[in-house]
Amino acid sequence: MPRLFNASAAWTRALAFACSTTLLIPSPAVSDEQTLPSLGSSYSSASAEEHRLGRAWLRQFRAHAPQWQDPIAHDYLTSLVDRLAPHSQLGDLDVTTVMVDHRTLNAFAVPGGVVGIHAGLFAFAEDEGAFASVIAHELGHLSQRHYARSSERAEQTQLPAMAGMLAGLLIAAGGGGNAGIATAMGSQAALIQDQLTYSRRYEQEADRVGLQAMADAGYDPDAMARMFRTLQRMSSLQGGTPPEFLLTHPVSESRLSDAQSRAAQMDVASSYSNDTLYDMIRGRALLQIDSQSPRQAVSRLAQENASETAQRYVTALVDAQSGQVDTALKALDRLRDEQPDLAMLPASAAEVALQAQRYDEAIQRSQRLLRFMPDYLPAQLILAEAQLQRDPNAAYDILRDVTAQHPENPQGFNLLAEAAGRSGRNGLGHLARAEYLQLTGRVDSGIRQLDIAKDAAERENDQRTLARIEQRREDFMDYREALEEF
């Protein structure tokens, strides 16, 4: 459970970070030893400040909320967002996703392009259309900039409103449940007069953008109306304690009717859905939620008529957890032969081998997959982690590329720090650790890590790394100064 601290002043300090944090992007034309990200931004206009604000918010959220670290599930979520985003009126806004290790039904959107989901959303949404409808709705909130439009004094109220949202979501993610969402809503109600985060008008607006995005992306927009009906039934069954998502996204009869009528009039682009893939990802979420009794995930998928492929897949993962690694790998290989287009199947087999400490097999399996899909991040991370045990230099090369391509990925920097250290690049290793710390909201620790990086680089007489450390020190000090001034 995350350690929470006092709201009000504490959350104000947390969000002060937003005033100084800038987007990290790969640096151009630098030595292969110097491919840690550098500062910069491709955004202009009013959304640039929201973008910085959102990335700062995400760093604070990572620092205190329980994260669901699953590269395969995260890749699926990112791919779904990428499918919907071009149809969501987002312009050039880059969306970053975060997954919370909590069984509650919840999803949220933060100004500047952050979309988050709880693992429990996968458990609740029984098909891909239902899940996609929630993501499409959240993207609708982002595209219509509902935070910025919620008050004529948006510039003065947006920062403290986001602080209240952060506090509430952290309480909820830490087990506080509805009390956390009440904190978020109460903070915003006080700051934005009598308006809640999402007014009825904004909810309908996000619905309409989301419905059109679903249709244009090939999803049946009626899935959103079906999701609303399910949410209504859940709310009535739970009485006074509905799920957190309904507290910030209430479903009224007029909202349901509007979604139904609009969906009925829409033409769907070339139909797309992959419920088999979704069922498999959903199975991973159920295993995370029911980690103490993994067989429950298999039973639930069977009860809800999930695809046979997904049921066999989750059974294989459960077998691997119980030590039946050979049985699990054989089952995953059979599924791979039957479903050759699903990259997560060979990636899962490589992951099983890695977790069983069969490092050579994990390397071979992930390398085989990467020959066909060279930029598939889950396989890259599995290969890098396995190579840490066999060839740290090879792991370093992989992770240098991963962090350049995914500068907002803390796991990549965490592994890069270890690979750099094990391959004798101590200065760069500590620098990578500093980047990991600042990405996860621990700027003061990151500054201390830069001092360690400098000492190591001086011993190695690595002038390029020393120059890079000094550049990053200025940036990190700006972050801290803004925190203190706010």
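Helix α3 of this predicted model covers residues 71-84. At 1.5 Å a residue, its 14 residues should span 20 Å, and the end C-alpha atoms are indeed 20 Å apart, so the expected and computed lengths agree. Several residues of α3 are buried, namely Ile72, Ala73, Tyr76, Leu77, Leu80, Val81 and Leu84. At the start of α3, the backbone nitrogen of Ile72 has a side-chain oxygen of Asp70 within 3.1 Å. Ile72 therefore appears twice in this description, as a buried residue with under 20% relative accessible area and as the partner of Asp70.

Helix α20, residues 392-405, gives a similar check of length. Its 14 residues should span 20 Å at 1.5 Å a residue, and this agrees with the 20 Å between its end C-alpha atoms. The buried residues of α20 are Ala394, Ala395, Tyr396, Ile398, Leu399, Arg400, Val402, Thr403 and Ala404. What covers them? The cover of the buried residues of α20 includes α19 (377-387), α21 (410-422) and α22.

Helix α22 also takes part in a contact with another helix. The axes of α22 (residues 426-439) and α23 (residues 443-460) come within 7 Å and cross at roughly 170°. Because angles over 145 degrees count as roughly antiparallel, α22 is roughly antiparallel to α23. On the side of α22, the contact is made by Asn426, Gly427, His430, Leu431, Arg433, Ala434 and Leu437. On the side of α23, the residues are Ser445, Gly446, Gln449, Leu450, Ile452, Ala453, Ala456, Ala457 and Glu460. By character, the residues of this contact divide into eight nonpolar, six polar and two charged.

Two buried residues within helices can be examined individually. Ala167 lies in helix α7, which comprises residues 154-176. Its relative accessibility is 1%, so Ala167 counts as buried. Along the chain, Ala167 and His64 are 103 residues apart, yet their C-alpha atoms are separated by 9.9 Å.

Ser366 is placed in helix α18, residues 359-372. With a relative accessibility of 1%, Ser366 counts as buried. What does the side chain of Ser366 reach at 3.2 Å? The partner is the backbone oxygen of Ile363. Leaving aside residues up to four places away in sequence, Ser366 touches Ala350, Ala379, Ile382 and Leu383.

Two loop residues, neither of them glycine, have a positive phi. The table sets out their values.

| Residue | Phi | Loop | Relative accessible area |
|---|---|---|---|
| Gln89 | about 60° | between α3 and β3 (96-100) | 54% |
| Asn461 | near 55° | between α23 and α24 (463-485) | 56% |

Are these residues buried or exposed? Gln89 counts as exposed because its relative accessibility, 54%, is over the cut-off of 50%. Asn461, with a relative accessible area of 56%, is exposed as well.

The chain as a whole provides the setting for these details. How many helices and strands does the chain have? There are 24 helices and five strands. Of the 486 residues, 58% count as buried. Among the contacts in the chain with a separation of 6 or more, 69% are accounted for by residues 24 or more positions apart.

Definitions and conventions. Residues numbered from 1 in each chain as written. Predicted model: local features only at pLDDT ≥ 70, side-chain atom pairs only at ≥ 80, totals over all residues. Heavy atoms only, no water. Axes fitted to C-alpha atoms, helices over the stretch in contact; angles between N-to-C directions. Helix = DSSP H or I, 4+ residues; strand = E, 2+ residues; numbered from the N terminus. Parallel < 35°, antiparallel > 145°, perpendicular 65-115°, else oblique. Contact = heavy atoms within 4.5 Å. Nonpolar A, V, L, I, M, F, W, Y, C, P; charged D, E, K, R; others polar. Expected span 1.5 Å × (residues − 1). Buried < 20%, exposed > 50% of the residue type's maximum accessible area, 1.4 Å probe, protein only. Polar contact = N/O pair within 3.5 Å; in protein donor to acceptor, adjacent residues only side chain to side chain.
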